[in-house]
Every structure is written in C-alpha cells, then in structure tokens.
Amino acid sequence: MAVYTDVAADELADFLSHFELGELLSYKGIAEGVENSNFLLHTSSGYFILTLYEKRVARNELPFFLGLMAHLASRGIICPQPLKNKSGEALSELAGRPAVIINFLEGIWPRKPNAAHCAGVGQALAKMHLAGRDFAMTRPNALSVSGWRPLFDQAASRADELQHGLADFLRAELDYLEGGVWPKNLPQGVIHADLFPDNVFFLGEKVSGLIDFTFACNDMLAYDVAICLNAWCFESDCSFNVTKARAFLNAYGRERALSEAEQAALPLLARGAALRFLLTRLVDFLNVPPGALVRPKDPLEYVRKLRFQQSVASMRDYGVETSGLVA
Ligand SMILES: Nc1ncnc2c1ncn2[C@@H]1O[C@H](COP(=O)(O)OP(=O)(O)OP(=O)(O)O)[C@@H](O)[C@H]1O
Ligand SMILES: N[C@@H](CCO)C(=O)O
C-alpha cells in the first residue's frame, strides 16, 4: 500500500471544509501505487481520490501535471480532473505535502493484460500523444539518460544483494547507453512516461481512462512506446509475447504512424526504458522508508526484460512488419 504520509481524520475534515464536496463519510489509504500517498475519500457528494505528492515530485512541477490533465481532457482524453477549492485553487497542502483532490474514474486496471488490452493502450497512447501536441507548458524528463547514473550510484554498492553480478550488469548497460548511442532527433512531445497497466482503466476491453501523470514530461514520443512495450507485452514469467506487441504497435501505428527512424530506434529506447525502471525499482527496493505502507516492485523483473531487449535487432523481433507502421 502506498501511504507514506498519514492523515488524521480531523485534519482531513478541516482540509475538505475548503472544498464544496460535502461531509466526509469515510476514507482509506489505497493499496496500490508506489510513488505517492493516495486515499479514497467518500463524502456526501461521492467518491474522490486525494493524492499527497511525495519524494520524486517537486512542488513547482505540479502545475505542469495539473495543466496537462485539464488540457488532455479538453481534447477528449479521459483522465482525472483536479478539483478546485473554494478559493479556486487545485493545489494546496495537507500534512506537510502538496495535496490535490481528483475525481474518481470508473473502470479497473487489467491484472493480466491480453492482446485486446494491449491494442487499447496502443490506441490510447497515440491519441494522448496527438492531444498533447498543443499543450503549452513543458517539463524536461528528469529520468532520461542523464538521470540514470545518480540512481545507479545510490544503489550500486548493494545491488548484488539482489542478484550476484547485478552492479556490473547495470554499469555496463549504463556505460553503453551513455556512450552517444541515445537518439537525439526523433519526434518529441508530451509523454506519459509511466503508462503501466495499473495506470490504465478499462471497462471490459475498452479503455475508460488514463491516470497518474506524475512522470509526464517532454521527450521522444517513441520512448513512451518503448516504456509500454516493456510494461504490457511480457508474460508474468517475463517471456516476450509477440501477439501482444503486434496488437499494441499496430494499434498505436493506426493513430500515429511511427517514422522509420523511430522504428529503428525502438529496441534501443526499450533498453533504456527497461534500465530506467530497473534503477528506480532497485533504489526503492533498497530504501523503503521506515513505517511506510508500500509494496516495492520487483527490480529483477526488469533485469529479464532488459536482457530480452538487448537481444532485439529490429521491429521484426517484436512481431511487426515495418511497412504497416511507417509514416
Ligand atoms: N482518478 C482515480 N480514480 C479511481 N482510482 C484511482 C484514481 N487515481 C488513482 N486511483 C487508484 O489509486 C491507485 C494508485 O494511484 P496512482 O497510480 O496515481 O499512484 P502512484 O503512487 O503515483 O502510483 P505508481 O506506482 O503507478 O506511480 C491506482 O492504481 C488506483 O487504484
Ligand atoms: N510503474 C513503475 C512504478 C511507478 O513509477 C514501476 O512499475 O516500476
């Protein structure tokens, strides 16, 4: 459960008195997520989500996330909307943390995504990329290549506690990706940067909403595709599923065709994406704050995914003939 910061009932009731949300009936910490503290609120007006932003989120970045959610919604993307308090502000403070209340989205995230879910997320991701084109604010990706070495340095001395040789494996991959191979001239835009299954809600096999824009930023659009390829197209034993990859990539390509350069770069971007999540998971695994209610995610899952991506030569290994996707 991700609750790093506890909130007392009287403190919450006082906070809610600044909103037009009626009376607090009950609230509970949400048993999912690893980044921020989330609570489900039940008030006399309905259900809402309260997020207290934690370590990886700087307060001055919150207007970007909140503005993006409003922008995407105005372009037809279903995502939570921040609620304004009686003073007209969406961002306030609770228990010493930046705090936002958002509306509750219907749907559930898929515990075992199938090919239809993968197609759904492919289409939704491309639509989000298109909808983000005219969003005026920008935020650099703090967790792109230059952000990985500091994570590695935090974890290197203890990495082998998880797996013998892990520190050397990570160092070699980092040296490679930092060594000038990372693409520079691919199409850029607003990316979600964390569109894992637990951030995509479905009603049946239809996407009903995207959540958690905490890592959204400006970066290569194909990097977002690579993140999803890793997050959606492997089985629980970490074997790659070409049927899911084909469904995901083709659905993405029908909304926004990947250029030849993007396709050529995808295996490399997927290596980088695997390393990025491996590193944050490793740091989190080794540094669970005392008293926090959180279930850290498995770093070794991403070792296996990274090894697979290191073996990929081209889009064919993802089960896709390039012609259908080229811009
Ligand atoms: N708008 C919403 N409507 C319904 N449920 C929500 C909403 N926002 C969050 N949740 C619930 O809270 C959980 C955690 O939310 P979220 O993914 O934003 O947290 P996080 O700590 O930032 O997670 P992550 O580890 O994915 O970065 C979600 O899996 C979902 O169950
Ligand atoms: N989606 C991330 C956690 C949130 O950043 C992971 O699975 O490692």
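## Helix packing and domains: worked exercises

In this predicted model, the protein has an average pLDDT of 93, and 96% of the residues reach at least 70. The predictor also assigns the complex an ipTM of 0.89 and a pTM of 0.92. With that in hand, let's work through four exercises.

### Exercise 1: the domains

Find the domains of the protein and say how many residues each gives to the contact between them.

Solution. Start with the bounds: the domain assignment places domain 1 at 9-103 and domain 2 at 115-324. Next, take the centres over C-alpha atoms; those of domain 1 and domain 2 are 26 Å apart. Finally, turn to the contact, where domain 1 supplies 23 residues and domain 2 supplies 26 residues.

### Exercise 2: α4 against α5

Work out how α4 and α5 are oriented, and list the residues that meet.

Solution. Step one is to locate the helices: α4 covers residues 145-159 and α5 covers residues 166-181. Step two is the geometry, with an angle of about 165 degrees and axes 10 Å apart. Angles over 145 degrees count as roughly antiparallel, so α4 is roughly antiparallel to α5. The crossing of these two helices, α4 and α5, is left-handed.

Step three is the contact itself. From α4 come Val145, Trp148, Arg149, Phe152, Ala156 and Ala159. Their partners in α5 are Leu166, Ala167, Leu170, Arg171, Leu174, Asp175, Leu177 and Glu178. Sorted by class, the contact of α4 with α5 has ten nonpolar and four charged residues, with no polar ones.

### Exercise 3: α8 against α9

Do the same for α8 and α9: what is the crossing angle, and which residues make the contact?

Solution. First, α8 spans residues 260-286 and α9 spans residues 299-310. Their axes come within 8 Å and cross at roughly 165 degrees, which means α8 is roughly antiparallel to α9. The handedness of the α8 and α9 crossing is left-handed.

Then look at the side of α8, where the contact residues include Pro267, Ala270, Leu275, Phe277 and Phe285. On α9, Pro299, Tyr302, Val303 and Leu306 are among them. Counting by class, the contact of α8 with α9 holds twelve nonpolar, two polar and three charged residues.

### Exercise 4: α4 against α8

Decide how α4 and α8 are set relative to each other, and describe their contact.

Solution. Begin with the numbers: α4 and α8 pack at about 50 degrees, and their axes are 9 Å apart. The two helices, α4 and α8, are therefore oblique to each other. Their crossing is left-handed.

For the contact, α4 offers residues including Trp148, Leu151, Phe152 and Arg158. Among those they meet in α8 are Gly272, Leu275, Arg276, Leu279 and Val283. The class count for α4 with α8 is ten nonpolar, three polar and two charged.

Notes
Residues are numbered from 1 along each chain as its sequence is written. Chains are lettered from A and ligands numbered from 1 in the order in which they are written. This is a predicted model: local features need pLDDT of at least 70, side-chain atom pairs count only at pLDDT 80 or more; totals for chains, interfaces and linings use all residues. Side-chain values use heavy atoms; hydrogens and water are left out. Axes are lines fitted to C-alpha atoms, for helices over the stretch in contact, and angles run from 0 to 180 degrees between N-to-C directions. Helices (H or I, at least four residues) and strands (E, at least two) are DSSP runs, numbered from the N terminus. Angles under 35 degrees count as roughly parallel, over 145 as roughly antiparallel, 65 to 115 as roughly perpendicular and the rest as oblique. A crossing is left-handed if the near helix is turned anticlockwise from the far one by less than a right angle, and right-handed if clockwise. Contact means heavy atoms within 4.5 Å. Ala, Val, Leu, Ile, Met, Phe, Trp, Tyr, Cys and Pro count as nonpolar, Asp, Glu, Lys and Arg as charged, and the others, Gly among them, as polar. pLDDT is the predictor's confidence in each residue, from 0 to 100. Domain bounds come from an automatic or database domain assignment.
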